[in-house]
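I opened the notebook to keep a record of what I looked up, entry by entry. The coordinates go in before the notes.

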Amino acid sequence: MRAAVIAPDGRFEVAEVPEPKPGPGELLLRVTSCGFCGSDIKARPIMPEGTIMGHEFGGEVVGVGSGTSSTWREGTHAAVLPALSCGTCDWCRSGFVIHCPQVRLVGLGGAGGGFAEFAVITEAASIPLTPRVNSRYSALVEPFAVGLHTIHTGGLREGDDVLVIGAGSVGLTTAAWAKVRGAGSITVVDPVEARRDVAKVFGADVVLASVEEAPRNSYDLVAECVGHAELLDDCVARARPRSRVVVAGVDHLPKQFTSSSAIMKETTLTFAVYYSPAEFETVIEAIADGVIDPAPLLAKEVPLDQVNEAFADLTASAVSGRILVTP
Ligand SMILES: [Zn+2]
Ligand SMILES: [Zn+2]
């Protein structure tokens, strides 16, 4: 099969690689499309040569391993939850599969990802797509699950005034779910005008170019969706006393944080990563029911050969929304 693998120079190279075979409890998926995100930018330099990246994808079942449930048939479409876990530990049983001690991250070095014609995924991590969801959106289930998990972890309550910092896909999907779940008001901050425009489509009542423009002590939930930990002081400053700040953006660098104002306000500071199978199912139902329209998140679709160009566009923030690679 053809796959975009990490080459010795760290770029992607489209190569012919062996087609994976589904083992017991696994499915062979023909990848419909696969998205990129900021995590890929951060992870690519540390991925070993030959890695098949891509953790936001869906596909059509074209092979069924032994011992899988009888409901899987060839032709069924699935969205991939890109964390393969043991399925039996307490974390797996409670749905927090990312914390399973045996977890393998799909497309981030633990198992082959979606920048390939085919991928093998456990049936537990293959979330069936109802026929009511257009299969071209299967790769967008993951980003919407990130947003849903962010508002769950942040403890969004109906009527909350919500401030979302960053209108990349995490911020946009967080805003979209805040809207669906009855936020009182939604303010989204992003310096890029095109992204602010998409934020309005996803439910933002107010869009701002800079966090400095957001009033202090005014929000019940602040979501940091950029991955710049130096924004934490700004987040706490905007939060009301005894309210919540949820961090969904990943920062690998040490940054300063002044705890005094968070202490004086008794801010709940929490962090969100990944999602549960139930959250994937919720996203799929919401798309099927028209509660969430994923279309505005889809910037463009490109063939596998253009994976390097698409990656460059993403790195330069040249597009708002997802570029999907269609192997
Ligand atoms: Zn991602
Ligand atoms: Zn487990």
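The entries below go from a metal site to a residue beside it, and then to a pair of helices.

**Entry 1, the model.** I note at the outset that this is a predicted model, and I read every distance and area below as a value computed from it.

**Entry 2, the zinc site.** I asked which atoms coordinate the zinc ion (ligand 1). I found Cys37 through SG, His55 through NE2 and Glu56 through OE, at 2.1 to 2.3 Å, and I wrote down the spacing of these donor residues along the sequence as C-x17-H-E. I then checked accessibility for two of the donors: His55 has a relative accessible area of 3% and Glu56 one of 1%, so both count as buried, the cut-off being under 20%.

**Entry 3, Arg322.** Because Glu56 is a zinc donor, I looked up what else its side chain meets, and found a polar contact of 2.6 Å with the side chain of Arg322. I placed Arg322 in strand β17, which covers residues 322-326, and its relative accessible area of 5% makes it buried. The side chain of Arg322 also reaches the backbone oxygen of Phe36, at 3.0 Å. Leaving out residues up to four places away in sequence, I listed what Arg322 touches, and the list includes the zinc donors Cys37 and Glu56, as well as Gly35, Leu140, Pro143 and Leu297. I also recorded that the C-alpha atoms of Arg322 and Pro296 are separated by 9.1 Å, although the two residues are 26 apart along the chain.

**Entry 4, Ser169.** Which residue does the side chain of Ser169 join in a polar contact of 2.8 Å? I found that the partner is the side chain of Arg322. Ser169 lies in helix α4, residues 169-180, and I marked Ser169 as buried at 11% relative accessibility. Apart from neighbours within four places in sequence, I found Ser169 in contact with Pro143, Leu297 and Arg322, and I noticed that Pro143 and Leu297 are also touched by Arg322.

**Entry 5, helices α3 and α8.** I looked up how helix α3 (residues 141-153) packs with helix α8 (residues 277-288), and I obtained an angle of about 115 degrees with the axes 9 Å apart. That makes α3 roughly perpendicular to α8, and I logged the crossing as right-handed. On the α3 side I listed Val141, Glu142, Phe144, Ala145, Leu148, His149 and His152, which meet Glu279, Phe280, Thr282, Val283, Ile284 and Ile287 of α8.

Conventions: Residues are numbered from 1 along each chain as its sequence is written. Chains are lettered from A and ligands numbered from 1 in the order in which they are written. This is a predicted model: local features need pLDDT of at least 70, side-chain atom pairs count only at pLDDT 80 or more; totals for chains, interfaces and linings use all residues. Side-chain values use heavy atoms; hydrogens and water are left out. Helices (H or I, at least four residues) and strands (E, at least two) are DSSP runs, numbered from the N terminus. Buried means under 20% relative accessible area, exposed over 50%, partly exposed in between (1.4 Å probe, protein chains only). A polar contact is a pair of N or O atoms within 3.5 Å; within protein, one must be able to donate a hydrogen and the other to accept it, and residues adjacent in sequence count only if both atoms are side-chain atoms. Contact means heavy atoms within 4.5 Å. Donors are N, O and S atoms within 2.8 Å of the metal (3.2 Å for Na, K and Ca); water is not among the atoms, so sites may look incomplete. Axes are lines fitted to C-alpha atoms, for helices over the stretch in contact, and angles run from 0 to 180 degrees between N-to-C directions. Angles under 35 degrees count as roughly parallel, over 145 as roughly antiparallel, 65 to 115 as roughly perpendicular and the rest as oblique. A crossing is left-handed if the near helix is turned anticlockwise from the far one by less than a right angle, and right-handed if clockwise.
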